[in-house]
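Q: Please take a close look at one part of this structure: the packing of its helices. How are two packed helices described?

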Amino acid sequence: MARAERIFGVREVTRLLGLTAKRAAQLRRLGVLSAGGGHTFRDLVAIRVAGALLDSGATVRQIRQALEALRRQEPGIDSPLAETRLAVEGQRVLAQTDRVRFDPRTGQTVLALDVGGLEKEAAATLTMGLVRPLAPPAAQAEMWFERASQWDGDPAHWEDAIEAYQSVVAVDPNYAAAWNNVGLLHHRMGHYTEAQEAYEAALRADPKCAEAAYNLGSLFEDLGELPGAIRHYRMALELSPDYADAHFNLAGVLGKSGRNREAGDHWRRYLQLDAGSPWARIARSHLELVDDE
């Protein structure tokens, strides 16, 4: 039986991507951040890409115009931000394929990429026995992370995303976010041993990574190991006391363990943090049962 796709609330998206109030408002104007609905992993990719374009100097209007043009040219694209590589150049937002960069508003080619020349240069370098990185290690790690982020929302490319994230940690073994995302992908694919190893690597790289602790709790819950789930959800809350989803999941596991009074504290805290989420109704119903005891 297929696992339901994970849905993220606005608060979790804001926390995971470090959105300021100004940036959140810009993303809402672009239509990629919804104030009321949930967000999928692909939505997170689109939000991250939109944020990167804004960081690079693009305006909301420029991005919107580029997206509208891409949708006209490629009606089959569901999420241009998640499915297309975009870059800022001067006053334009350009789309890019492996061999060409073009202006989506006009379709005009801006720069044809000399892939053949690059291949010849690489071959010549290898013949001489000298291999020099084309980018410094930090840049290489970010390049692989961005590539993986573009793939990890599409089940057809999960294996590719794992390989890309593994390239990140090969360059920077302390890149906790990459380890965490490797764990998430293995978790979704049912590779529980690999998921646990990756989450634990994320915590070793960054002992303050609340997301990795939370994901370990979720993994142990899926495995039916409730004490382990409780321990890691509590760890996530020690690192991030306002982690709404950790309160929600911890309350559920405590309830399964017959610890309803403890669960009630976390249902209440969840409702204080995220009363407008789609899961608030579930939290209220559980809390009513606790209060009736």
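A: The following text goes through two helix pairs in turn.

This is a predicted model, in which local features need pLDDT of at least 70, side-chain atom pairs count only at pLDDT 80 or more, and totals for chains, interfaces and linings use all residues. Residues are numbered from 1 along each chain as its sequence is written, and side-chain values use heavy atoms, leaving out hydrogens and water.

Two packed helices are described by the angle between their axes and the distance between the axes. Axes are lines fitted to C-alpha atoms, for helices over the stretch in contact, and angles run from 0 to 180 degrees between N-to-C directions. Helices are DSSP runs (H or I, at least four residues), numbered from the N terminus along with strands (E, at least two).

Helix α11 (residues 210-222) packs against helix α12 (residues 226-239) at about 165 degrees, and their axes are 7 Å apart. The two are therefore roughly antiparallel (over 145 degrees; under 35 is roughly parallel, 65 to 115 roughly perpendicular, the rest oblique). In contact (heavy atoms within 4.5 Å) are residues including Tyr214 and Phe220 in α11 and His232 and Tyr233 in α12. The residues of this contact divide into 10 nonpolar, four polar and one charged. Nonpolar covers Ala, Val, Leu, Ile, Met, Phe, Trp, Tyr, Cys and Pro; charged covers Asp, Glu, Lys and Arg; the others, Gly among them, are polar.

Helix α13 (residues 244-256) and helix α14 (residues 260-274) pack at about 155 degrees, with axes 8 Å apart. That makes α13 roughly antiparallel to α14. Among the residues of their contact are Phe248 and Leu254 of α13 and Trp267 and Tyr270 of α14. The contact of α13 with α14 holds nine nonpolar, five polar and four charged residues.
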